[in-house]
Amino acid sequence: MSAGDHNGSLDPGHQSEVAYKRERRTRRIMSERRNQQFARAAVIGVVAGLIAVVFQYSIFGVEELRTFVRSWFLDNHLPGYLVIPILGGLGGLFAGWVMQRFAPETGGSGIPHVKAVLLHLREMRWVRVIIVKFAGGVASLGAGLSMGREGPTVQMGAAVGKGVAGFLKVPKRQEGQLIAGGAGAGLAAAFNAPLAGFLFVIEELQRELSPLTYGTALIASVMASVVTRLATGQLPSFLVPDYQAPPLSSLPVALVVGLVAGVLGAAFNKGLIVSLDGFKKLPKLKPKFRPAVIGVAAGLIGWFTPLVTGGGHATAEHLLRGEWNGVQFVPMLIGLLVAKFLLTVTSYGSGAPGGIFAPMLLIGATSGLLVGQMGHAWVPAITGSPSAFAVIGMAAFFAASVRAPLTGAVLIIEMTANYDQLLALLIACFAAYWVAEHLGSRPIYEELLARDLRNDDPQVVEAGEPILIDLTVESGSALDSKELKDSGLPMGSLIVTVTRAGEEIVPSGGTILLPGDELTVVVSGRARHKIQEIEELGRSQQ
């Protein structure tokens with residue numbers, strides 16, 4: 001080798017060219033990985049959307065059948081109050097049996113189970129989850145239990161993500177993004193709300209904004225909504241009037257809606273936990289029989305007041321359309337609120353497969369309409385249409401219970417197409433959030449997950465196998481500008497690579513972590529319960 005050749009390798013121009021080629025190669029590899037992941041997300045969205053559509057039509061079918069049977073008994077002056085509860089009990093019995101026999105993790109909404117899977121604390125038996133959740137959910141709602149189809153659709157969507165990941169042999173570290181994307185697709189399909197599905201993943205499930213996470217969630221949610229709209233039409237979930245933007249003078253009423261929703265949301269979360277614990281303290285009543293007991297009660301209640309049973313979508317639509325405006329409806333609305341609240345917490349407490357989204361929306365709409373009615377009676381000049389506050393109440397109650405205000409606001413706007421309500425919605429949502437926080441109420445899915453983990457469910461993942469997780473350093477987080485040796489990672493975890501500006505760095509103890517760094521962390525099987533703590537280190541504290 002000549003001296004010139006030897007010196008050329010040290011030439012700054014040559015080094016820059018090598019670095020440039022290395023960066024291009026890294027970017028090309030990352031782009032190929034993203035494209036593969038996004039193609040998988042599209043497949044997951046389509047499949048999750050198809051399952052959601054079939055599930056939706058099945059639910060509508062059993063609810064129409066329940067209505068028809070009740071009408072037939074009434075028209076023929078027969079004692080349906082004896083027969084309908086029996087049918088409800090049989091539906092609840094089937095739901096409880098199939099759940100306990102084949103997939104206990106499908107009890108309730110399933111969202112806490114999805115969160116546990118993403119934290120590597122539970123397995124996802126995706127075939128069983130889809131089949132059992134579908135059958136049990138149809139039976140539960142057919143029995144008249146006050147539950148929704150949206151939570152089950154989220155869990156089935158997550159199961160689709162797991163199935164696609166397994167079928168395509170996706171690396172374990174990318175599997176969580178597909179599961180979360182499938183969950184978002186399920187929510188988007190259930191509500192015909194793609195942005196809400198995307199935000200639900202970011203705000204509730206993953207809580208980080210790496211390109212792969214938000215790209216996967218957004219593509220899956222959009223594709224699921226496309227499938228839903230092709231099957232059900234372009235109309236929003238609720239066919240309600242296009243309410244005009246509320247005047248600024250009415251914003252204090254929206255604030256009151258948020259304050260009331262905050263109190264009710266905290267009480268609702270507490271009621272769910274008390275109900276679950278109450279059923280558990282009845283050892284003689286086996287878990288598979290609990291939904292049957294509530295099915296009998298729901299059948300009896302439904303015979304006299306059918307507005308209270310089921311998910312409550314049609315009832316909420318009556319409220320939003322303004323069909324029950326007027327002071328004369330206030331006693332009825334109070335009764336509806338109390339009855340729906342109690343039947344929902346007991347239905348969920350029974351452990352039946354079914355969600356709480358739809359009942360939450362009805363409770364929120366009822367409380368919002370009540371505040372709107374009172375405001376209109378006292379200060380009609382500034383209140384406007386009371387029914388507009390039913391729209392606001394739905395978002396506020398969701399924000400108080402789930403503690404995801406942006407998801408709640410976007411969800412209700414997409415479901416009702418009332419975009420002019422955005423400012424009032426946000427005020428009510430953040431007021432509800434603030435009240436629930438100050439009352440010491442935990443977000444409902446976090447509370448349900450913590451309770452599930454305390455119960456030592458047999459589906460706990462066995463310790464031993466190490467786990468790789470991806471973590472993004474956010475500005476203002478505990479990791480921002482920290483040297484690696486001072487990162488505060490718990491025992492049993494180790495940062496193995498840092499990706500900065502598209503280039504992978506093998507870190508040392510003196511490596512300073514910067515906002516935007518993407519970390520690969522290996523967690524031992526014994527420390528898997530620390531995963532949530534590790535993820536919190538990367539999140540902004542500002």
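**α6 against α7**

I began with the crossing of α6 over α7, which turned out to be right-handed. This is a predicted model, so I kept that in mind throughout. Helix α6 covers residues 150-167, and its axis lies 7 Å from that of α7, at an angle of about 145°. From α6 I noted E150, T153, V154, G157, A158, G161, K162 and A165. Their partners in α7 are K172, E175, L178, I179, G182, A183, G186, L187, A190 and F191. Sorted by class, I have nine nonpolar, five polar and four charged residues in this contact.

**α7 against α9**

Next I followed α7 (residues 172-191) to α9, where the angle is about 35° and the axes are 8 Å apart. This crossing is right-handed too. On the α7 side I listed Q177, L178, G181, G184, A185, A188 and A189. On the α9 side I found L212, T213, T216, A217, A220, S221, A224, S225 and T228. The class tally reads eight nonpolar, eight polar and no charged residues. L178 caught my eye, since it appears in the contact with α6 and again in the contact with α9.

**α9 by itself**

I then looked at α9 end to end: residues 211-232, 22 in number, with 31 Å between the first and last C-alpha. That is close to the 32 Å expected at 1.5 Å a residue. Which residues of α9 are buried? I wrote down T213, G215, T216, A217, A220, S221, A224, S225, V227 and T228. Just after the helix comes G233, with a positive phi near 105°.

**α17 against α18**

I moved on to helix α17 (residues 405-416) and helix α18 (residues 422-438), which pack at about 145° with axes 9 Å apart. The crossing is right-handed. P405, L406, A409 and I413 come from α17, and they meet L422, L425, L426, C429, F430 and Y433 of α18. By class this contact has 10 nonpolar, no polar and no charged residues.

**The cores**

How many residues are in the largest nonpolar core? I have 105, with F268 and F357 making the most contacts inside it. Helix α16 (residues 386-402) is the biggest giver, at 13 residues. A second core stands separate, with 19 residues, L119, L479, L513 and I531 among them.

I stayed with F357 for a moment. Beyond neighbours within four places in sequence, F357 touches I111, E150, L187, F191, F200, F398, V402 and Y445. Of these, E150, L187 and F191 are names I already had from the contact of α6 with α7.

**α4, under cover**

I111 took me to helix α4 (residues 111-118), where eight of eight residues are buried. The list runs I111, P112, H113, V114, K115, A116, V117 and L118. What lies over them? The cover includes α6, α7, α8 (194-206), α14 (357-378) and α19 (444-454). H120 follows α4 and has a positive phi, near 65°.

**Two loop residues with positive phi**

I reminded myself that most residues other than glycine have a negative phi. N192 goes the other way at about 55° and is not a glycine. I found N192 in the loop between α7 and α8. Is N192 buried or exposed? Its relative accessibility is 5%, so N192 counts as buried.

R403 is another non-glycine with a positive phi, about 65°. Its loop joins α16 and α17. I have R403 down as buried, because its relative accessible area is 7%, under the 20% cut-off.

**α11 and a long-range pair**

Helix α11 (residues 290-304) has 15 residues and spans 22 Å from first to last C-alpha, close to the 21 Å expected. Its buried residues are R290, P291, A292, I294, G295, A298, G299, G302 and W303. I paired A292 with L87: they are 205 residues apart in sequence and 9.6 Å apart in space, C-alpha to C-alpha. L87 sits in helix α3 (residues 80-102). At 43% relative accessibility L87 counts as partly exposed, because that value falls between the 20% and 50% cut-offs.

**Whole-chain check**

Last, I counted 20 helices and four strands. Of the 542 residues, 53% are buried. Among contacts with a separation of 6 or more, 82% join residues 24 or more positions apart.

Conventions
Residues numbered from 1 in each chain as written. Predicted model: local features only at pLDDT ≥ 70, side-chain atom pairs only at ≥ 80, totals over all residues. Heavy atoms only, no water. Core = buried A, V, L, I, M, F, W, Y, C linked by side-chain atoms within 4.5 Å. Buried < 20%, exposed > 50% of the residue type's maximum accessible area, 1.4 Å probe, protein only. Contact = heavy atoms within 4.5 Å. Axes fitted to C-alpha atoms, helices over the stretch in contact; angles between N-to-C directions. Left-handed = near helix turned anticlockwise from the far one by under 90°. Nonpolar A, V, L, I, M, F, W, Y, C, P; charged D, E, K, R; others polar. Expected span 1.5 Å × (residues − 1).
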